[in-house]
Amino acid sequence: MRKVTFAVSVAGALLAAAAAIPGIAFVAGSPASSQVPKPSAGQHITTLNVVNVSCATCAPVVKAALSRIRGVIDVSVEERAGASATARVVHDPRLVAPSALAAAVTEVGFPASVAKQATLRTGDWAAATEQ
């Protein structure tokens with residue numbers, strides 16, 4: 001048996017695919033060396049409206065597409081009623097623009113648009129995650 005390790009950002013989609021193939025064991029995990037930077041002052045939080053999110057593997061695909069972008073610090077995707085979702089992305093505005101985030105999600109088959117943007121200030125992270 002061969003063991004293959006994938007980053008958590010793609011594990012959801014891979015888990016769903018592996019579950020459909022008999023005889024494949026799949027264990028999701030993070031590489032031991034990966035360090036997730038914490039959001040800090042000056043970074044932006046962009047909220048995207050995403051459509052066509054209609055199955056269990058859709059949200060992980062959206063999250064993976066955003067997580068691969070240079071300058072993205074954190075991603076959360078919340079599914080909503082009516083085959084849509086809200087993606088919240090903390091990113092470095094010097095490295096990636098909100099329109100590029102929406103374009104990346106659209107490229108993987110889920111039309112997205114920028115709903116709102118904000119700049120994090122010192123102490124904002126806790127409040128930003130509760131919105």
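Mentor: In this predicted model, a helix is a DSSP run of H or I with at least four residues, a strand is a run of E with at least two, and both are numbered from the N terminus. By that count the chain has four helices and four strands, in the sequence α-β-α-β-β-α-β-α from the N terminus on.

Trainee: Where, in terms of these elements, is N52 found?

Mentor: N52 is in the loop between strand 1 and helix 2. Its phi is positive, about 70°, although N52 is not a glycine.

Trainee: What makes N52 partly exposed?

Mentor: The partly exposed class lies between under 20% and over 50% relative accessible area. N52 has 44% relative accessibility, and therefore counts as partly exposed.

Trainee: Which class does A83 fall into, and why?

Mentor: A83 has 32% relative accessibility, so A83 too belongs to the partly exposed class. A83 sits in the loop between strand 2 and strand 3 and has a positive phi of about 55° without being a glycine.

Trainee: What do strand 2 and strand 3 form?

Mentor: They form a hairpin, with three residues between the two strands. G82, in the turn, has a positive phi of about 80°.

Trainee: How do you know that strand 2 and strand 3 pair?

Mentor: Pairing requires at least two bridges found by DSSP. Eight bridges join strand 2 to strand 3, and the two strands run antiparallel; the criterion is therefore met. As one example, V72 stands opposite H91 in strand 3.

Trainee: How many bridges join strand 1 to strand 3?

Mentor: Eight bridges join strand 1 (residues 44-51) to strand 3 (residues 84-91), and these strands also run antiparallel. Here N49 has T86 in strand 3 as its bridge partner. Helix 3 (residues 98-107) packs on the sheet, where it touches strand 1, strand 2, strand 3 and strand 4, and its direction makes about 150° with that of strand 4.

Trainee: What is the strand order of the open sheet?

Mentor: The four strands of the open sheet follow the order 2-3-1-4, with antiparallel pairing.

Trainee: What makes strand 2 and strand 4 edge strands?

Mentor: Strand 2 (72-80) and strand 4 (112-119) each pair on one side only. On average, neighbouring strands of this sheet are turned by 20° against each other, direction ignored.

Trainee: Which strands does helix 2 lie across?

Mentor: Helix 2 (residues 58-67) lies across strand 1, strand 2 and strand 3, and runs at about 160° to strand 2.

Trainee: Which residues touch the most other members of the largest nonpolar core?

Mentor: That core has 19 residues, and those touching the most other members are L48, V50, L66, I69, L101, V105 and F110. At least two core residues come from each of strand 1, helix 2, strand 2, strand 3 and helix 3. Helix 3 gives the largest share, four residues. With neighbours within four places in sequence left aside, L66 is in contact with L48, V72, V75, A87, V89, L101 and V105.

Trainee: Why is the pair R94 and D92 called a salt bridge?

Mentor: The term calls for a side-chain nitrogen of Lys or Arg within 4 Å of a carboxyl oxygen of Asp or Glu. In this pair the closest N and O atoms are 2.7 Å apart, so the definition is satisfied. A search of the whole structure finds one salt bridge.

Trainee: Is D92 buried or exposed, and why?

Mentor: D92 has 11% relative accessibility, so D92 counts as buried, the limit being under 20%. R94, by contrast, has 73% and therefore counts as exposed, that class being over 50%.

Trainee: Which class holds A97, and why?

Mentor: A97 has a relative accessible area of 36%, so A97 is partly exposed. A97 lies in the loop between strand 3 and helix 3. A97 and H44 are 53 residues apart in sequence, and their C-alpha atoms are 9.4 Å apart in space.

Trainee: What share of the chain is buried?

Mentor: Of the 131 residues in the chain, 33% are buried. The chain exposes about 7900 Å², of which carbon and sulfur atoms supply 56%. Among contacts between residues at least 6 apart in sequence, 67% join residues at least 24 apart.

How values were computed:
Residues are numbered from 1 along each chain as its sequence is written. Side-chain values use heavy atoms; hydrogens and water are left out. Axes are lines fitted to C-alpha atoms, for helices over the stretch in contact, and angles run from 0 to 180 degrees between N-to-C directions. Contact means heavy atoms within 4.5 Å. Buried means under 20% relative accessible area, exposed over 50%, partly exposed in between (1.4 Å probe, protein chains only). A nonpolar core is a set of buried Ala, Val, Leu, Ile, Met, Phe, Trp, Tyr and Cys residues joined through side-chain atoms within 4.5 Å. Accessible areas come from the Shrake-Rupley method with a 1.4 Å probe; for residues, only the protein chains shown count as cover.
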